[in-house]
Amino acid sequence: KLAGLENGNAASPSSSPVPTAAKTFPDLSGMALLRSPEFWLLFLSMALQDGVAVMYVNSLSSMRTALHTSSLPTSATLVTIFSVSNAFGRLGWGMLSDFFSSNRTWILCMTMIQMCFSHGLMYAFPSELILSAVLVGTSFGGMFSLAPLIVCELFGVRRFGTNWGVMALAPAIGSTAFGALYGRIYDSNVRPGCTGCYGDYCYRNTYIYTTAATGLGVVTLAWLARRVAPR
């Protein structure tokens, strides 16, 4: 056996190259997590992306009613389209990220670009509820597939439950803020003496703000992706 070792005949570890991974940090939690710029960049992007997506799906019924047309599916059908798209988005974006696992943050940035496009579409074509439901749904699903992975990769697995719990506050904050924005704009367009609002003008201007917000989200995630890029 010793001779074999001396002659180099013993089995040796594989010399195949190991794929380069995104820059990682020591296990972070508590105040150390809150002092991390990467945490706040991801937190902000989740608040923006989740916030506008939840606002959208919660407002589908009121937008469908405001358009007051028989050419669109029912509110229930639109929500179903959103939900099915969300499921496919979780699967599709998750699978795609496995091919680019060196820095999944760029894939998350792509889902934000899709979200930005879908909200811009809603401003340009405010009655395009079917296509927007598909686009917002798949983007929203992608975020939920990728964000936990990124939290785990960047901040470690030892305190993942706590870290993800803190990060999950971002969607709650974002959805509350953007839901209030939608409600304020919708209510401001209700004519005196009327109990409802009819026409795309009731909600259209909301999508100026949500498009700008998701544009900021794209910049935020691109910045984060560059910060954690492999060195």
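**An all-helical chain and its packing**

From the N terminus on, the elements of the protein chain run α-α-α-α-α-α-α-α-α. The model is a predicted one. Its secondary structure comes to nine helices and zero strands. The protein chain has 231 residues, of which 43% count as buried. Contacts between residues at least 6 apart in sequence were also examined, and 79% of these join residues at least 24 apart.

Helix α4 covers residues 75–99 and has 25 residues. From its first C-alpha to its last, α4 reaches 37 Å. That is close to the 36 Å expected at 1.5 Å a residue. The buried residues of α4 are L78, F82, S85, N86, G89, W93, G94 and S97. The cover over these residues includes α3 (37–67), α5 (104–124) and α6 (129–155).

The loop between α3 and α4 holds H68. The phi of H68 is near 50 degrees, a positive value in a residue other than glycine. Most residues other than glycine have a negative phi. H68 is exposed, because its relative accessible area is 64%, over the 50% cut-off.

Helices α5 and α6 pack against each other at an angle of about 155 degrees. Their axes are 9 Å apart. Angles over 145 degrees count as roughly antiparallel, so α5 and α6 are roughly antiparallel to each other. The crossing in which α5 passes α6 is left-handed. By class, the contact of α5 with α6 has 15 nonpolar, nine polar and two charged residues.

One residue of α6 is M143. M143 counts as buried because its relative accessible area is 0%. Neighbours within four places in sequence aside, M143 is in contact with M46, Q49, D50, L108 and P148. M143 and I107 are 36 residues apart in sequence. In space, the two are 9.2 Å apart, C-alpha to C-alpha.

Helix α5 also packs with α9. The axes of α5 and α9 come within 8 Å and cross at roughly 165 degrees. That angle makes α5 roughly antiparallel to α9. Here too the crossing was assigned a hand: α5 passes α9 in a left-handed crossing. The residues of this contact divide into 16 nonpolar, eight polar and one charged.

T105 is placed in helix α5. With 3% relative accessibility, T105 falls under the 20% cut-off and therefore counts as buried. Residues up to four places away in sequence are not counted among its contacts. Beyond them, T105 touches I150, L221, L224, A225 and V228. Among these partners, L221, L224 and A225 are themselves buried residues of α9.

Helix α9 spans residues 206–227 and has 22 residues. The distance from its first C-alpha to its last is 32 Å. This is close to the 32 Å expected at 1.5 Å a residue. In α9, the buried residues are T206, Y207, T210, A213, T214, G217, V218, T220, L221, L224 and A225. What covers them includes α3, α5 and α8 (169–188).

R227 also belongs to helix α9. R227 is partly exposed, because its relative accessible area is 29%, a value between the 20% and 50% cut-offs. R227 and E38 are 189 residues apart along the chain. The C-alpha atoms of R227 and E38 are separated by 7.8 Å.

Helices α7 and α8 form another pair. Helix α7 (residues 160–167) and α8 pack at an angle of about 5 degrees. Their axes are 4 Å apart. Angles under 35 degrees count as roughly parallel, so α7 and α8 are roughly parallel to each other. On the α7 side, the contact is made by G165, V166 and M167. On the α8 side, L169, A170 and P171 take part. The residues of this contact divide into five nonpolar, one polar and no charged.

Technical notes: Residues are numbered from 1 along each chain as its sequence is written. This is a predicted model: local features need pLDDT of at least 70, side-chain atom pairs count only at pLDDT 80 or more; totals for chains, interfaces and linings use all residues. Side-chain values use heavy atoms; hydrogens and water are left out. Helices (H or I, at least four residues) and strands (E, at least two) are DSSP runs, numbered from the N terminus. The expected span of a helix is 1.5 Å times one less than its number of residues. Buried means under 20% relative accessible area, exposed over 50%, partly exposed in between (1.4 Å probe, protein chains only). Contact means heavy atoms within 4.5 Å. Axes are lines fitted to C-alpha atoms, for helices over the stretch in contact, and angles run from 0 to 180 degrees between N-to-C directions. Angles under 35 degrees count as roughly parallel, over 145 as roughly antiparallel, 65 to 115 as roughly perpendicular and the rest as oblique. A crossing is left-handed if the near helix is turned anticlockwise from the far one by less than a right angle, and right-handed if clockwise. Ala, Val, Leu, Ile, Met, Phe, Trp, Tyr, Cys and Pro count as nonpolar, Asp, Glu, Lys and Arg as charged, and the others, Gly among them, as polar.
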